[in-house]
Amino acid sequence: MIETCARFGLFDIPWAMSLYKWELDAVIKGVLMSQIDERERLAVLAANIGYFNNSKKPKFNKVFDRDKEEKKLEEIYKPSESQAHKRKQLELYKNVMNAFGGERSENGDI
């Protein structure tokens, strides 16, 4: 048990011994998942390095666009604002559709 904990980086042995087996299994699974995440990050880094080495004119925004990432993060934590914006767009689309004759049928007729 102690060897297993040490293998996965859990060096607080009294804490690990105070856990139920299913809790320790969950902690070890989390450590393994973090190792998979790290391997994924390394693979992405390798792909990005290959892109920069092989491209004649590499563009940093193709690899990492900070504004786009921050916008996605804001939408995750404030979905109500983006939903309101989507509703407004739908209303505008409906107004434009009504102004130009409504919906078209499958054969293209109005």
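Let's start with one residue: R66 is exposed, with a relative accessible area of 52%, because anything over 50% counts that way. Keep in mind that this is a predicted model.

R66 has a partner. Its side chain meets that of E70 in a salt bridge, 3.0 Å from N to O. Both residues lie in helix 5 (residues 66-77), four residues apart, which is about one turn of the helix. E70 is partly exposed, at 38% relative accessibility. Side chains of opposite charge can pair when their charged atoms come close.

How many salt bridges does the count come to? It comes to three. Here they are side by side:

| Pair | N to O distance |
|---|---|
| K21 and D25 | 2.8 Å |
| R41 and E38 | 2.8 Å |
| E70 and R66 | 3.0 Å |

Now for helix 3. K21 and D25 sit four residues apart in this helix, so about one helical turn separates them. K21 counts as exposed, with 62% relative accessibility, while D25 is partly exposed at 38%. R41 and E38 also belong to helix 3; they are three residues apart, so again about one helical turn lies between them. E38 is partly exposed, at 37% relative accessibility. An α-helix has 3.6 residues a turn, so residues three or four places apart point the same way.

Why does the length of helix 3 agree with what its 34 residues should span? At 1.5 Å a residue, the expected span is 50 Å, and the C-alpha atoms at the ends are 49 Å apart, so the two agree.

Helix 3 has a buried part too: L24, I28 and V31 are buried there. What are the members of the largest nonpolar core? That core has eight residues, namely C5, F8, L10, A16, L19, L24, I28 and V31. Helix 3 (residues 21-54) gives the most to this core, with three residues. In soluble globular proteins, nonpolar side chains tend to be buried together. Take L19, one of the core residues: leaving aside its neighbours within four places in sequence, L19 is in contact with L24 and V27.

Finally, how confident is the predictor? The mean pLDDT of the protein is 80, and 86% of its residues reach 70 or more. Among the elements of the protein, helix 3 has the highest mean pLDDT, at 88, and helix 1 (residues 2-7) has the lowest, at 70. Helix 1 takes in C5, going by its residue range, and C5 is one of the residues of the largest nonpolar core.

Terms used: Residues numbered from 1 in each chain as written. Heavy atoms only, no water. Core = buried A, V, L, I, M, F, W, Y, C linked by side-chain atoms within 4.5 Å. Buried < 20%, exposed > 50% of the residue type's maximum accessible area, 1.4 Å probe, protein only. Helix = DSSP H or I, 4+ residues; strand = E, 2+ residues; numbered from the N terminus. Contact = heavy atoms within 4.5 Å. Expected span 1.5 Å × (residues − 1). pLDDT = per-residue confidence, 0-100. Salt bridge = Lys/Arg side-chain N within 4 Å of Asp/Glu carboxyl O.
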